[in-house]
Amino acid sequence: MRRTLLFLTTGLLAIGLSVPAALAQQPNYAKVKEFRIERSVPPEAQACIECHRETTPGIFGDWAMSRHANANITCLDCHLVQPGDQDVSQGHEQYYSRSDLPWGEAKYKMPIAAIVTPKDCSRCHPDEATQYSKSKHANTIEIIWKLDPWLNKGMNSDSERKVGCLACHGTEIKIDDKGKIDPATWPNVGVGRLNLDGSKGSCTSCHTRHRFSVAEARMPEACDSCHLGPDHPQIEIFEESKHGTIYNAFKDEYNFKAAAGTWTPGVDYRAPTCAACHMSGTGKVPSSHDVTSRLSWETQAPLTIRPQDFKPFPSGTNWQDERQQMKNVCSACHGESWINDFYEGFDTAVEQYNEVYFKPAKAKLDDLYEKGLLDKTKYFDERLEVEFYELWHHEGRRARMGTMMMAPDYAWWHGFYECKLRFVNFMEEANHLIETGQKAYIAKDFPNATGDTTRPVKIFGDKK
Amino acid sequence: MKKYIIGGSLVFLGVLLSFPLFSMSYYTMVRTSTPEFCASCHEIKPAVVAWRSSTHTNNAAGVVVDCMDCHLPAPQDTFQFFFAKTYHGAKDVVKHFMGSAYDRERAREAAYAAFDNDSCQKCHRNLLYMPTQRGAMLAHRSVVYARPGYEKKCVDCHYDLVHSEKGLVMFRQTRKIPYQAKGLKQL
């Protein structure tokens, strides 16, 4: 009897334990993000949500997790346009001419546009959009067209530009004959994208769709999709620096979700990220979406100059004031002598790059052009042009940026060391040409130099 | 006693003379403050026609916002109001006969530049609590409590609102596309 009872209880217990476990482990259990519309949302916006949770569950789910959804900001608040606007989505309109209408009913038809611009964002975030519009980010298309030989001499193809340069810098959005967005210009989330409404840039470069997270933009990963590689390895430099080391070691403890205006060094984070120094408010320094405002040298320019003297896009700031702002940011964690002595080292490195490397090389290049040994018609088709370009555009930048953000390997091995080698080789070849009077070899088979050389009319007007 | 009689009759004389003067100028002000009067200038007529079809005249509350309500200082700034009105009236007449052709776009920009948020906020006072328009709540805070250096005008975002060339009567409550500010004009 006792034995039977034992069997029975063990058996029942076993069944009782295993059934819920089996239920919980049911494979392929669909997890659908719920969004019950329990607040005042216009019926048209409800229709968007109902359709798009089925047709584009990824977008819907992401939005549902966002602060926008939290604040009742729906699809319509950003994507609604006026009838007759250039960018009204034709595909979306066409859906309503179907006879079956499987998703939204005709009464919910609204003109919408796929592309949301900083101007759209400015409806609710006007100050942020205004700050951004003054930055080099927003105006980068103007800057590159004023400087860059790839574009101005048409040395790469339109496709190479779309997938390369303009993916970060931004395309000029155009509408094709069929009223659709020209695929040569889209998709694109470049920081300086020229939008149809005249605004510049894309907020989703850093606050990706459809979460639009503040936390994300505070992380260095928000910047690293563009700020990397041989010509501007800011993310690699950051990672090598102590700031990056501490970030990687302690990021789990960082409070990236602090409310706007409250993100505090020493409290919410132990060492700064890109945004912490370049944008966030610290102490008495107010935060700004003008990411280039706290700079005191243009370390990306061929010859390092002050931001107010940067001809393609003068900052309109005073570099001493901006340096003081940055020093105030530093002083949240560093003492005065640390900050001042660091800047002294930075200024010396910049001075040396300018005087010892750049200016003599530039003078030699000009000499070659003047003597007719190099040909000015195109760029990159003669070896010395490439050498000179890489001297400032690649290792010259690595040296300066590596110094600025305290990454010794980038300052020296990837930086000044490479500058030295490049300089010596450049000078050897240049002097050889001058001594022998021999003209440089011009590449006859330069590939894919087919890119359009017309400057964007939206910025430069019709004049050449 | 005699003193009082003289004084009293002087006051009486003053009232007798000034009353018609005041009432006449008041009458003139009222007569020249109607949209119909504004439309009597052919330069202004298209603006009045567009205004008539806008939501500032067509809404369920029956509120009609006249030209003066937006385009002149608030009547409580009496001196300002009278001065601005007289100045503009005189200027318009002179320009009509002496000036170059009327450029509507330039006039529009000049009007935006002249607008004062107070003019809009005479009527639009409850701007901060809009549970159905949380974005507008956020944006309006940055205007009402602007940070130094970030002062904005209502018309920076709300433009082409009244004098747009839709050619259709827009009735506020039956508007099919929800109203949205356009975002900063200067971007």
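Q: Before anything else, where do the domain bounds come from?
A: Domain bounds come from an automatic or database domain assignment. The model itself is predicted.

Q: OK, what does the assignment give for chain B?
A: Domain 1 of chain B covers 1-31 and domain 2 covers 41-174.

Q: How far apart are the C-alpha centres of those two domains of chain B?
A: The C-alpha centres of domain 1 and domain 2 of chain B are 37 Å apart.

Q: And how is chain A divided?
A: Chain A has domain 1 (43-114), domain 2 (116-212) and domain 3 (229-448). Between the C-alpha centres of domain 1 and domain 3 of chain A there are 44 Å.

Q: How many helices and strands in chain A?
A: Chain A has 21 helices and zero strands. Its C-alpha trace spans about 110 × 65 × 45 Å along the principal axes. Of the 464 residues in chain A, 33% are buried.

Q: Which contacts in chain A join residues at least 24 apart, as a percentage?
A: Counting contacts between residues at least 6 apart in sequence, 64% join residues at least 24 apart.

Q: Switching to the contact of the two chains. How many residues does each chain put in?
A: Chain A puts in 24 residues and chain B 18 residues. On the side of chain A that touches chain B, α5 (75-79), α7 (118-121) and α8 (126-133) each supply at least two residues.

Q: Which of them gives the most?
A: α8(A) does, with five residues. By class, that side of chain A has 12 nonpolar, seven polar and five charged residues.

Q: What about α8 of chain B, which residues are buried there?
A: In helix α8 of chain B (residues 134-144), the buried residues are Gly135(B), Ala139(B), His140(B) and Val143(B). Down the axis of α8(B) they fall within an arc of 120 degrees, so they line one face of the helix.

Q: And what is exposed on the other side of α8(B)?
A: Arg141(B) and Val144(B) are exposed there.

Q: What covers the buried residues of α8(B)?
A: The cover includes α5 and α8 of chain A, along with α9 (154-157) of chain B.

Q: Back to chain A. How do the axes of α18 and α19 cross?
A: The axes of α18(A) (residues 336-370) and α19(A) (residues 383-404) cross at roughly 175 degrees and come within 10 Å. Angles over 145 degrees count as roughly antiparallel, and α18(A) and α19(A) are therefore roughly antiparallel to each other.

Q: Which residues meet there?
A: From α18(A) they include Phe346(A), Tyr353(A), Phe358(A) and Leu365(A), and from α19(A) they include Phe388(A), Trp392(A), Arg400(A) and Met404(A). The contact of α18(A) with α19(A) divides into 15 nonpolar, three polar and one charged residue.

Q: What of α2 and α3 of chain A, how do their axes cross?
A: Roughly 120 degrees, for α2(A) (residues 43-55) and α3(A) (residues 57-64), with the axes coming within 5 Å. The two helices α2(A) and α3(A) are therefore oblique to each other.

Q: Which residues of α2(A) meet α3(A)?
A: Ile49(A), His52(A), Arg53(A) and Glu54(A) in α2(A) meet Pro57(A), Ile59(A) and Phe60(A) in α3(A). By class this contact has four nonpolar, one polar and two charged residues.

Q: Now the backbone. Which peptide bond is cis at Pro187(A)?
A: The bond from Trp186(A) to Pro187(A) is cis, with omega near 0 degrees. Pro187(A) sits in the loop between α12 (165-169) and α13 (214-218) of chain A.

Q: And what is omega for Arg209(A) to His210(A)?
A: Near -10 degrees, so to speak of that bond is to speak of a cis one. His210(A) is in the loop between α12 and α13 of chain A.

Q: What is phi at Phe212(A)?
A: Phe212(A) is not a glycine, yet its phi is positive, about 50 degrees. Phe212(A) is also found in the loop between α12 and α13 of chain A.

Q: Is Phe212(A) buried or exposed?
A: Phe212(A) is buried, because 20 other C-beta atoms lie within 10 Å.

Q: Where is Asn72(A) found?
A: Asn72(A) is in the loop between α4 (67-70) and α5 of chain A. Asn72(A) has a positive phi of about 70 degrees, and with 17 other C-beta atoms within 10 Å it is partly exposed.

Conventions:
Residues are numbered from 1 along each chain as its sequence is written. Chains are lettered from A and ligands numbered from 1 in the order in which they are written. This is a predicted model: local features need pLDDT of at least 70, side-chain atom pairs count only at pLDDT 80 or more; totals for chains, interfaces and linings use all residues. Two residues are in contact if their C-beta atoms, placed from the backbone, lie within 7 Å. Helices (H or I, at least four residues) and strands (E, at least two) are DSSP runs, numbered from the N terminus. Ala, Val, Leu, Ile, Met, Phe, Trp, Tyr, Cys and Pro count as nonpolar, Asp, Glu, Lys and Arg as charged, and the others, Gly among them, as polar. A residue is buried if 20 or more other C-beta atoms lie within 10 Å of its own, exposed if 12 or fewer, and partly exposed in between; C-beta atoms are placed from the backbone. The arc is that of the directions from the helix axis to the C-beta atoms. Axes are lines fitted to C-alpha atoms, for helices over the stretch in contact, and angles run from 0 to 180 degrees between N-to-C directions. Angles under 35 degrees count as roughly parallel, over 145 as roughly antiparallel, 65 to 115 as roughly perpendicular and the rest as oblique.
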